[in-house]
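Biologist: Could you take me through one part of this model closely, the surroundings of the ligand, and then show me what the nonpolar core and the helix packing look like? I'd love one connected account.

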Amino acid sequence: MAELMEELSQVKGEEPGVATSKDVRVHPTPEPTGHKPVDAPTGTPTVVVDDLHIVYRVFSATSDHEKGNAVTALVRMLKRQGRPQMKEVHAVKGVSFVAYHGDAIGIVGRNGSGKSTLLRAIAGLLPPHSGAVFTDGQPSLLGVNAALMRELTGERNIVLGCYAMGMTPAEVKEKYQEIVDFSGIDEFVQLPMSTYSSGMGARLRFAISSAKTHDVLLIDEALATGDREFRKKSQERIKQIRESAGTVFLVSHDHKVIEETCNRVIWLHKGKIKMDGDPKEVMTAYNKG
Ligand SMILES: Nc1ncnc2c1ncn2[C@@H]1O[C@H](COP(=O)(O)OP(=O)(O)OP(=O)(O)O)[C@@H](O)[C@H]1O
């Protein structure tokens, strides 16, 4: 571990790079890296989503003949034909809400209702077609595909992941063992992540990203593969983030996790907010509808 830290800090310099999410904030607020919990009181706005529309543009092939391959593309070029028609998928349609410091907001809805798209837009990874997202603080998106490197060991991923979140070498050193213990991967930490089960990978991802205090933590199904014990631990961690006045968004199809973890639930239906409020009330309506 010590040699690894030294090796990596030499490569990256004294103050390693800051997480990419800082670069993609729609409304950035300058903050020192690795800062302590946000000192804003709970109840002040942290994310404002204003009449947000997200539209994906995809090439559509209306017939087999038009389907994209090298030959059809070449024929199109020779015949000087244009590209196949663009199709628009309107994934988020006029969503507005305000989230506050200390909120844990569950986002539920059927497959394709726009949950992941909304999270990615809050993280600044998707540009609004119209409308806007304003964030006070640094949003960090934790998804099932969070960028850990499968061919590297757990140990290396922990160090790189912490650096990517903007921690200093001293902070990484301080947090390292806590992350290993929280993830429960034990001696597997010395093995490449390609040898991990999906649950072990998810636990390590959550342990790394929750080791830092986040202003806005966006979790997309990342808790789904953990076992019951890990779920409990991660719920406890989310509670701590909320108590330190961060804001958590949680997309999950697991209603129990949503009800136990969140103080508010937004129900998305076909890209629009169908209901927004108390978890029990929203989940009861959602289960009926
Ligand atoms: N990269 C993309 N390109 C084109 N369309 C997309 C893309 N990603 C999502 N969509 C479309 O946007 C809509 C919303 O998808 P999204 O993944 O946000 O839904 P979701 O509620 O998270 O679904 P799930 O519960 O299945 O994860 C769907 O119609 C989907 O087909």
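**Core, ligand shell and a helix pair**

Modeller: Happy to! Let me begin with the core of this predicted model. The largest nonpolar core has 66 residues, and those with the most contacts inside it are Ile107, Ile122, Cys162, Leu218, Phe249 and Leu250. In soluble globular proteins, nonpolar side chains tend to be buried together. Phe249 is a good place to look: leaving aside residues up to four places away in sequence, Phe249 touches Ile105, Ile107, Leu119, Ile122, Leu218 and Ile219.

Now to the ligand you asked about. Around the ligand sit Tyr56, Val58, Val89 and Ala91, together with Gly109, Asn111, Gly112, Ser113, Gly114, Lys115, Ser116 and Thr117. Strand S1 (45-59), strand S2 (86-100) and helix H4 (115-122) are the elements that give two or more residues to this shell. H4 gives the most, with three residues. Sorted by class, the shell has seven polar, four nonpolar and one charged residues.

Finally, the helix packing. Helix H6 (residues 169-183) and helix H7 (residues 198-209) have axes that come within 8 Å and cross at roughly 145°, and the crossing is right-handed. On the H6 side, the contact is made by Ile179, Phe182 and Ser183; H7 brings Arg203, Leu204, Ala207 and Ile208. By class, this contact has five nonpolar, one polar and one charged residues.

Note on methods:
Residues are numbered from 1 along each chain as its sequence is written. This is a predicted model: local features need pLDDT of at least 70, side-chain atom pairs count only at pLDDT 80 or more; totals for chains, interfaces and linings use all residues. Axes are lines fitted to C-alpha atoms, for helices over the stretch in contact, and angles run from 0 to 180 degrees between N-to-C directions. Helices (H or I, at least four residues) and strands (E, at least two) are DSSP runs, numbered from the N terminus. A crossing is left-handed if the near helix is turned anticlockwise from the far one by less than a right angle, and right-handed if clockwise. Two residues are in contact if their C-beta atoms, placed from the backbone, lie within 7 Å. Ala, Val, Leu, Ile, Met, Phe, Trp, Tyr, Cys and Pro count as nonpolar, Asp, Glu, Lys and Arg as charged, and the others, Gly among them, as polar. A residue is near a molecule or strand if its C-beta atom, placed from the backbone, lies within 6 Å of it. A nonpolar core is a set of buried Ala, Val, Leu, Ile, Met, Phe, Trp, Tyr and Cys residues joined through C-beta atoms within 7 Å. A residue is buried if 20 or more other C-beta atoms lie within 10 Å of its own, exposed if 12 or fewer, and partly exposed in between; C-beta atoms are placed from the backbone.
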